[in-house]
Amino acid sequence: MTATLPTRPLRTGTRLTELGFGAAQLGNLFRETTDDASAEAVAAALHDGLRYFDTAPHYGLGLSERRLGTALAATPRDSITVSSKVGRLLIDSPETADRLDDDGFIVPAQTRRVWDFSRDGILRSVEASLGRLGTDRLDIAYLHDPDDHWEAASTTGIAALIELRDQGVVRNIGAGMNQAPMLAEFIRRCDVDVVMVAGRFTLLDSAALDELLPLAAERGVGVVAAAVYNSGLLSSEAVDPSAHFDYGDAPPSVIERAVRIAEVCTRHGVGLPAAAIQYALRHPAVVSVVTGMRTATHVHSTVERYSAEIPEALWEELDARGLVADPAIRSADRSF
């Protein structure tokens, strides 16, 4: 029997399941994944109640979008929410076709990424994504990692997405980044519906709690929290000192803090990864937590973590010890 997970709404009425399927692994992120394994992972997600799927042209030079589109082809379009991203335009590159991609994805480099936040670049990117996904619309389009491209992204980029939103080709627009301050600027200056913040609202890094989340709550902009494991350090019951933190070696002070958080979790009978997933959902501005999923087994274990019972006493102790700022307490203090 197919499950249904709780959803949270964006201001436009689009609803996202509280747990979302991150499809970067379907693009052979760091290691190869088969078409069959990808299809099985998506089928498992649908079975377990996930209805929000996030991808990008960047993920495997379009492979993630193609695999996700194929896996969702038989699913009624109105029953799911699909997001993709713009800003990295894929250009044919026959001169590199005999090499592998050098950006973390194990795929032939038959195309190359070109930063492009112009109107033409955005329109071409969305059109190509729709083709790879086999759909006539995107429920969300994010400007993808515009850190070094604020001027173009916040002008021609956003303007092009607004144009597509007005046409109904895109239902919600925003930006997705690994930092919080610029996302706050997008909310402050641009007509965005949702932002995706990766790695900046986790048990180990609550930078988004300072400005981004309060501002999003004030303006009615939804926040999707991604990379809640901080690329690995929070993904195991016991902290592995060799695990990555933000895609690099974890500093000793961060490892020590992660261990202390894990010890508190253990005392309350809670797994560290379960706490990592559920932490972000405690803030009222957060509409979904997206985690990368590669296999059906991975999907099932992630849903178990999302569904685990966590006593309020855990969050209270983490906050009281100064280990993790409890967003439920902080947001209540601000009277959101």
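This text walks through a predicted model, from its nonpolar core out to its helix pairs and one loop residue.

Start in the interior. In soluble globular proteins, nonpolar side chains tend to be buried together. Here, the largest nonpolar core has 95 residues. Phe21, Leu143 and Leu203 have the most contacts inside it. Take Leu143 as an example. Leaving aside residues up to four places away in sequence, Leu143 touches Val86, Phe117, Ile122, Ala153, Gly157, Ile158, Leu161, Gly174, Ala175, Gly176 and Phe186. Another core lies apart from the largest one. This other core has 12 residues, including Tyr52, Val194, Val224 and Val290.

Next, look at helix α8, which spans residues 272–280. Is α8 mostly covered or mostly open? It is mostly covered, with 9 of its 9 residues buried. The run goes from Leu272 and Pro273 through Ala274, Ala275 and Ala276. Ile277, Gln278, Tyr279 and Ala280 complete the buried set.

Stay with Tyr279. The aromatic pairs in this model number 6. In one of them, the ring centres of Tyr279 and Trp315 are 6.1 Å apart. Their planes stand at 35°, so this pair is tilted. Why does the pair tie together parts 36 residues apart in sequence? Tyr279 lies in helix α8, while Trp315 lies in helix α10 (residues 312–320), so the pair joins those two parts. Both partners are hidden from the surface. Tyr279 is buried, at a relative accessible area of 1%. Trp315 is buried too, at 3%. Phe201 joins Tyr279 and Trp315 in one aromatic cluster.

Helix α6 covers residues 212–219. Its buried residues are Leu212, Leu213, Pro214, Leu215 and Ala216. What covers them? The cover includes helix α5 (181–189) and the strands β10 (194–198), β11 (222–226) and β14 (286–292). After α6 comes Gly220, with a positive phi near 75°.

Now compare two helix pairs. The first is helix α1 (residues 35–47) with helix α9 (residues 296–307). Their axes come within 7 Å and cross at roughly 30°. Angles under 35 degrees count as roughly parallel, so α1 is roughly parallel to α9. The crossing is right-handed. On the α1 side, Glu40, Ala41, Ala44 and Ala45 make the contact. On the α9 side, Ala296, Val299 and His300 do so.

The second pair is helix α3 (residues 119–133) with helix α4 (residues 150–167). Their axes are 8 Å apart, and the packing angle is about 45°. That makes α3 oblique to α4. The crossing of α3 and α4 is right-handed. From α3, the contact uses Arg119, Ile122, Leu123 and Val126. From α4, it uses Thr156, Gly157, Ala160, Leu161, Glu163 and Leu164. Some of these names should look familiar. Ile122, Gly157 and Leu161 are among the residues that Leu143 touches.

Finish in a loop. Asp145 sits between strand β8 (140–144) and helix α4. Is Asp145 buried or exposed? The cut-off for buried is under 20% relative accessible area. Asp145 has 16% relative accessibility, so it counts as buried. Beyond residues up to four places away in sequence, Asp145 touches Arg88, Trp115, Gly176, Met177 and Asn178. Gly176 also touches Leu143. Asp145 and Pro57 are 88 residues apart along the chain. Their C-alpha atoms are separated by 12 Å.

Conventions:
Residues are numbered from 1 along each chain as its sequence is written. This is a predicted model: local features need pLDDT of at least 70, side-chain atom pairs count only at pLDDT 80 or more; totals for chains, interfaces and linings use all residues. Side-chain values use heavy atoms; hydrogens and water are left out. A nonpolar core is a set of buried Ala, Val, Leu, Ile, Met, Phe, Trp, Tyr and Cys residues joined through side-chain atoms within 4.5 Å. Buried means under 20% relative accessible area, exposed over 50%, partly exposed in between (1.4 Å probe, protein chains only). Contact means heavy atoms within 4.5 Å. Helices (H or I, at least four residues) and strands (E, at least two) are DSSP runs, numbered from the N terminus. Rings of Phe, Tyr and Trp (its six-membered ring) pair if their centres lie within 6.5 Å; planes under 30 degrees apart count as stacked, over 60 as edge-to-face and the rest as tilted. Axes are lines fitted to C-alpha atoms, for helices over the stretch in contact, and angles run from 0 to 180 degrees between N-to-C directions. Angles under 35 degrees count as roughly parallel, over 145 as roughly antiparallel, 65 to 115 as roughly perpendicular and the rest as oblique. A crossing is left-handed if the near helix is turned anticlockwise from the far one by less than a right angle, and right-handed if clockwise.
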